[in-house]
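Here are some notes on the model you sent. They are set out as numbered points, to be read beside the structure.

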Amino acid sequence: MLKKILKISGISVLVLLIALITAPFLFKGKIVKAIKKAANTQLNGTLDFDNDISLSLLRSFPKLSVGINKLSILGKDSFAGDTLVYFPELRLSMDLMSAIKGEEIKIRTIKLSRPRINIETLPSGRANWDILKPDTSKAPATDTTGGAFKMALNSLVIENGHITYNDRSLGFTTELKDVNHESSGDFTQDNFTLKTHTETPSLTLGYGGIDWLYQIKTNVDADLGMDMKAMKFSFREAKAKLNELNIQSDGYVDLNDEDMDMDISFKALQNSFRNFLSLVPGMYSSNFKDVKTEGTMAFQGSLKGKMTDTRMPATAIALQIANASFRYPGLQYPADNIHIDLKFNNPDGEPDHSVVDINKFNLRLAGEPFSLKMLLKTPVSDPYINANVLGKLDLGKIQSLIPLEKGTQLAGLVDADLSAVGNYSAATSKNFSRLDAKGKLHILNLLWKLPTDKDATEIRELKLDFTPQQVNMPVCKGHIGKNDFDASGSLSNMLGYMFAGEKLTGTVKLKSQYMNINSLMADAPAEEPKATDTGQLTMVELPANLDLSLDADIKKLIYDNYILTDLGGHMHLENGELNMEGIKASLLGGTLGLNGKYDSKNIKNPFTAMDLTISRLNLAENLSYFPMLKKFAPMAAHVKGLVNAKIEMNSILDQHMQPNYESMNVNALFSFTDNAVEGLDALKEIGRQLNVGWIEKIKLTNQTVKFRIQEGMLKLMDSLALPVGNGAVMKLGGYSKLDQTLHYGGWIKIPRKAMGTANNVLDGWVKQASSKGINLSVAETIPVDLGIGGTFLKPKIDVSLKGFQKALADDLKDQGKKIVTDEANKKLKEALAEARKRADQVKAEAKKRADQIRAEGRQAGDKIRAEGKTRADQIRNEGSKAAQTITDQANAQAANLEAQAKDPISKAAAKKGADKIRQEGQKKADATKGEFNLRAKQVEDEANKRAGQVEDEANKRADKIEQEASDKADQIMKEAEAKGKL
């Protein structure tokens, strides 16, 4: 009995062991498929990962270990192609039974190796992390199914992560490189302590285009009190070390449905200027430990109160530095007499009550004094500023003040004396008597080059003169590498641009002897680019708050793979769109005229539209500079001589500033005066099939060719009559596609005397007919049907004498009436009539079937278009609702602001603030509606494209049926006509 029990037990254990080993593999495919399907139905994005996931029960039994590689979430719509997250390695372990029961998923650990997380918010406020689709299903009022789903997590580990945050609506950026993070806590409890440790060798924080913290070595340790029911998170003595500055923080954050309540205080734990100095970009180097410093520092702050969309917590931040100096060992000059007194204060959370007070900012660099003072009040309703900057600086002495990285070049003299006192409204109302803004900035012989820069920047002279009305720039001369510039002009609304983000307007005149745009934009510029040197460029986003006019005179300009000389014309940048007017230049031995625009408002899909006039261009030698023709019509490489062209085009651009060839629209006219097309394989094949050796060249004399490119297809707008030699003429029409397939047809009319050996056959037919008493006449011009298919690299030529045979048959019928007997004539007529009847029947049946197929294609296409339009209308409706919601919220916020004002002064200020809120709300609403409209258009375009494809396919099938029937009918008639042979 014992032996039997042991045997049964052993078998049971073996079966269980086999099940534990094989179960994950047996069901892995279904698990992977189910996860991806479920996730992608709920995400406005695309989840993907390596199908070869690892599942194991043996490794950590009774826990289930899961390993997923190459997990990514890609955005859609406005974020199409962008990666939200990418996890090369994701490892987690969970309690198996909890996963089976489903009431509480107990995940013990999550480990991410080398993750990349990119968080982005557009100017409209739309965020790439907001990817969950709205749940439109109606949930039951009461859940009677049992306990709610919960997830228990014990620890999270991140190794060597890269995290970026870019909020374009606020102008705020964050980047953390090589992040390591550990946190642990029992998420099954309503109240527990979450222990966290985070470190990174490089933290960068930017605001308003300035990196206020740059590549700071950071360590943060914090024990967080987690109240999961109340969503309140508190911390005591949380510590952060930024380079050599230690900061301690206490407080809490309370997350409510409508706002965020907080009470946070922080302070520096040291009072030495040295610790603050370590945060200054470029100062914290390997020999920072040897720097001699003096002076005291105090840094503290607090945030208390609620944060909403319209309010901020009461905030107080203060930095004081006194009697400070520093000097690097072995360097000639010190920086001393450093005094800073900076305060930011907001007493009640109303943004307009914020005050920035830089009461003192004095220092002496290499013996030259520099001072700055600034007071900024009422930043929302009507910014008031009282500021002045005064100082001279010899940049050449900086290398004797601070140890710069080897290879750094720095020199030049800077002289600044600027001041401004008054309200921003004085500038907008042009009441310049209430605004005292004046001063100058003069720079001489400035030289700047970092070791990582490709080229040095040199400003030989720059003068800026400031007045309340505008900033005048009488001179700005210099070089960036080999690129020289000589500019002058003026700018208006500088204060509105600086403090309210309003539009900066101005005019500039630019002269240059040499300018290589590639070297200013790309990592590896080509000094003199080749025709194939494309693709180095990246998308350029033009600022929406600039309104600048530019008149250019550039002797040599390089852009992408184009080299232009004697470039001149007018350009106007406004609202993220660059318009070009009357641009003229010499290009590739010819001349170029250009009017057009580049629109970057939708930076994911920038748009360009241009009207080009090109004169005296050697197309064959320069085809590589025109990728559009190279893709759609590579036969242009065989055109000899100079051509003129007029081209109207528009297209969405890709990430390398190249056209999207499937979406581009082109109307073009090419003029040929004395040109020829030689060396085409298609011409050689036509000559071979006709057994003539002279069809190898097309003569283009005073010829124009019109074509259109649309939806990936180049179509000739008019059929072409082309001389092909020896008096022969080719007539051709049709189209080619982006995949370089050919769909052309027509005919060639060839003089009989030029038919060569084929003409001997015709003479034989005439003699044979004469011997039988038939006066057979053959026309002096022989029509030959022509079809060109296949591809440019491998054309398929179809040459047919059907047209000639028909003419010959008609002549035979006429001759036959005079020489054959009535009986023979009767039989011939009967045979031809029967044949015609059969041929017509074949064609009629084919036409009926073809018409049916075409009708079905049109019905299917109409259905697809209707569905696309319905979906697009839904998207537009959603956009209108979203925009209206934003507008309503802004109006409510503005009305609330105005309602809180009691006295006339505060009411006036409140009205200005409310008007600004409404304007910003309207801008955000318009941007949101524009995004939805773009999505709707994309849906409609895609539906129209698919409908067109369906209809084209149906038409092709119908054409094929009719063509086959026509061929069969021709064969029937041919066999009948053979009965009347000579």
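1. In what sense do strand β11 and strand β12 pair, and over how many bridges? The model is a predicted one, and in it β11 (residues 232-242) and β12 (residues 245-255) run antiparallel, paired over 9 bridges. One facing pair to look for is Lys241 with Asn246, the latter in β12.

2. The link between these two strands is a hairpin, with 2 residues between β11 and β12. Asn243 lies in that turn and has a positive phi of about 55 degrees.

3. β12 also pairs with strand β13 (residues 260-268). This pairing is antiparallel and covers 9 bridges. Here Leu255 stands opposite Met260 of β13. A hairpin of 4 residues makes the join from β12 to β13. Thus β12 pairs with β11 and with β13. When you inspect side chains here, keep one general point in mind: along a regular strand, they alternate between the two faces of the sheet.

4. How many cavities of 30 Å³ or more does the model contain? The count is 3. The largest cavity holds about 110 Å³ of space. Its lining consists of 14 residues, and those closest to the centre are Asn44, Gly75, Phe79, Asn128 and Ile131.

5. Which elements give two or more residues to the lining of the largest cavity? They are β3 (63-75) and β4 (83-95). The biggest contribution comes from β3, which supplies 3 residues.

6. The lining of the largest cavity is mixed in class: 6 residues are nonpolar, 4 are polar and 4 are charged. Of the residues closest to the centre, Phe79 and Ile131 belong to the nonpolar class, while Asn44, Gly75 and Asn128 belong to the polar class.

7. For the protein as a whole, the secondary structure comprises 13 helices and 41 strands. The protein has 982 residues, and 37% of them are buried, the cut-off for buried being under 20% relative accessible area.

8. What share of the contacts between residues at least 6 apart in sequence joins residues at least 24 apart? In this protein the figure is 54%.

9. The accessible surface of the protein is about 54,300 Å². Carbon and sulfur atoms account for 55% of that surface.

Terms used: Residues are numbered from 1 along each chain as its sequence is written. This is a predicted model: local features need pLDDT of at least 70, side-chain atom pairs count only at pLDDT 80 or more; totals for chains, interfaces and linings use all residues. Side-chain values use heavy atoms; hydrogens and water are left out. On a 1 Å grid over the protein atoms alone, a cavity is a set of points where a 1.4 Å probe fits but cannot get out, and a pocket is an open set with protein on both sides within 12 Å along at least five of seven lines; lining residues have an atom within 4 Å of a point. Grid points are joined across faces, edges and corners, and a volume is the space filled by probe spheres set on the points. Two strands pair if DSSP finds at least two bridges between them. Buried means under 20% relative accessible area, exposed over 50%, partly exposed in between (1.4 Å probe, protein chains only). Contact means heavy atoms within 4.5 Å. Accessible areas come from the Shrake-Rupley method with a 1.4 Å probe; for residues, only the protein chains shown count as cover.
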